[in-house]
Amino acid sequence: MKEIKELLAPVNDMLQSDSFFIKMLIALVILLIGWNFISLFIGMLKKTLIKKNFDKTLIPFMSNIALWAARVILIITLASYLGIETASFIAVIGAVSFA
């Protein structure tokens, strides 16, 4: 029994502290919830554009732009939550948007 406790001690310490493992689990949950929320929002956006008689050729284009913009924001937010510096990512995205 003592050997098992010694083997599981690092795992127990990891779960009881504010470790990177816990942050990764929380980030994964946020990612899954955010990804589903974004998909739901894009579905509502498409329905709204169809009801407003928006140009049918632009609906997929506009919805894909909104979809990937929201996903990029979600991923950058999660990277920031995990402690990754995101200023360079945001600068690159800003530079690309002006090109």
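Me: What makes Ala27, Ile38, Ile42, Leu67, Leu74, Leu78 and Leu82 a nonpolar core?

Reply: These 7 residues form the largest nonpolar core here. The elements that each give two or more residues to this core are α2 (20–51) and α3 (58–81). The name goes to a set of buried Ala, Val, Leu, Ile, Met, Phe, Trp, Tyr and Cys residues joined through side-chain atoms within 4.5 Å. Before we go on, this is a predicted model, in which local features need pLDDT of at least 70 and side-chain atom pairs count only at pLDDT 80 or more, while totals for chains, interfaces and linings use all residues. Residues are numbered from 1 along each chain as its sequence is written, and side-chain values use heavy atoms, with hydrogens and water left out.

Me: Okay, and why is Leu74 called buried?

Reply: Leu74 has 12% relative accessibility. Buried means under 20% relative accessible area, exposed means over 50%, and partly exposed is in between (1.4 Å probe, protein chains only). So Leu74, at 12%, counts as buried.

Me: Which residues does Leu74 touch, leaving out those up to four places away in sequence?

Reply: Leu74, which is in helix α3, touches Ile30, Leu31, Gly34, Trp35 and Ile38. Contact here means heavy atoms within 4.5 Å. Leu31 is 43 residues away from Leu74 along the chain, yet their C-alpha atoms are separated by 7.3 Å. Leu78, another member of the core, touches Ala27, Ile30 and Leu31, again not counting residues up to four places away.

Me: How do you know how many helices and strands there are?

Reply: Helices (H or I, at least four residues) and strands (E, at least two) are DSSP runs, numbered from the N terminus. By that rule the protein has 4 helices and 0 strands, and its pattern along the sequence reads α-α-α-α.

Me: Leu25 sits in helix α2. Why is Leu25 called partly exposed?

Reply: Its relative accessibility is 40%. That value is not under the buried limit and not over the exposed one, so Leu25 counts as partly exposed. The C-alpha atoms of Leu25 and Phe37, 12 residues apart along the chain, are separated by 18 Å.

Me: What about the loop between α3 and α4 (87–98), where Ile84 is found? Is Ile84 buried, exposed or partly exposed?

Reply: Ile84 has a relative accessible area of 44%, so the label is partly exposed. Leaving aside neighbours within four places in sequence, Ile84 is in contact with Ala79 and Phe89.

Me: And why does Thr86 get the label it has?

Reply: Thr86 is also found in the loop between α3 and α4. Its relative accessibility is 11%, so Thr86 counts as buried. Thr86 touches Ile76, Ala79 and Ser80, not counting residues up to four places away in sequence.

Me: Over in the loop between α2 and α3 there's Asn53. Why is Asn53 called exposed?

Reply: With a relative accessible area of 67%, Asn53 is past the exposed limit, so it counts as exposed. Asn53 also has a positive phi of about 55 degrees, although it is not a glycine.

Me: What is the radius of gyration, set against that of a compact globule of 99 residues?

Reply: The protein has 20 Å, where a compact globule of 99 residues would have a value near 13 Å. The radius is taken over C-alpha atoms, and the globule rule is 2.2 Å times the number of residues to the power 0.38. The C-alpha atoms fill a box of roughly 70 × 30 × 15 Å, taken along the principal axes. Buried residues make up 16% of the 99 residues.

Me: How many of the contacts between residues at least 6 apart in sequence join residues at least 24 apart?

Reply: The share is 53%.
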